[in-house]
Amino acid sequence: MNNTRKKAPHIYNLNNMKKSLALFAFTFCMLFSLPALAEDATSASSPAKDPAKEKVSVPTLARRMQYGDVIDSEDIVSKEFPATRVQGNIIHSGEDLVGKTPRLAIAANTPIRKDEITTRQLVERGGTVTMVYKAKNLEISTTGQSLDKGSLGDTVRVRNGKSGAIVSGTVAGSNLVKVMGLN
């Protein structure tokens, strides 16, 4: 009999296993580091954006407007400004301006802050208003004096011109208050 021992096919050489494991680890590391290297190369070749040169388009007024002027869509034009100038509470949508009025005068072609505009006051404090009460087939109207200022849909107090009674109502139009019924 031959005492020479044959290696079993399922037993691996330890040196070959170490080499295979090292090759696998190297390949794995290279596969996952290549995208990162490519990104670094791309960012190094492209110039960094300068925030001072970045532009933002915002709505502005085409003409100077005063308190009481109602802003219409034709009054709005878009202008580009440096991004650093339109930070904070600057209005970015023309829809936020339509139907509003400046609190004070606003110059043309300038960014508009949210606190520079307000809803249009349809009823002024101390002004004469028409009070209207409607119920089914009954409509009563009279004049009164507004004790509050208000925009469309606001609730205001009104003193009846004939009786002196103070009632609440909803602003329904220019100098028009819809009086609420009693419960």
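**A tour of the barrel strands**

Select strand β5 and strand β9 (residues 176-179): the two run parallel and are joined by 3 bridges. Strands here are DSSP runs of E with at least two residues, helices are runs of H or I with at least four, and both are numbered from the N terminus. Two strands count as paired if DSSP finds at least two bridges between them. On this pair, pick M131, which stands opposite V177 in β9.

This is a predicted model, in which local features need pLDDT of at least 70, side-chain atom pairs count only at pLDDT 80 or more, and totals for chains, interfaces and linings use all residues. Residues are numbered from 1 along each chain as its sequence is written, and side-chain values use heavy atoms, with hydrogens and water left out.

Next, keep β5 (residues 128-135) and add β6 (residues 138-146); this antiparallel pair has 8 bridges. Here V132 faces S141 of β6. Then go to the turn of this hairpin, where 2 residues lie between the strands and K136 has a positive phi of about 35°.

Now select β7 (residues 155-160) with β8 (residues 166-173), an antiparallel pair with 5 bridges. V156 stands opposite G169 in β8.

Show the 5 strands together: they close into a barrel in the order β5-β6-β7-β8-β9, with mixed pairing. Neighbouring strands of this sheet are turned by 50° against each other on average, direction ignored (axes are lines fitted to C-alpha atoms, for helices over the stretch in contact; angles run from 0 to 180 degrees between N-to-C directions).

Finally, display the whole chain, which has 1 helix and 9 strands.
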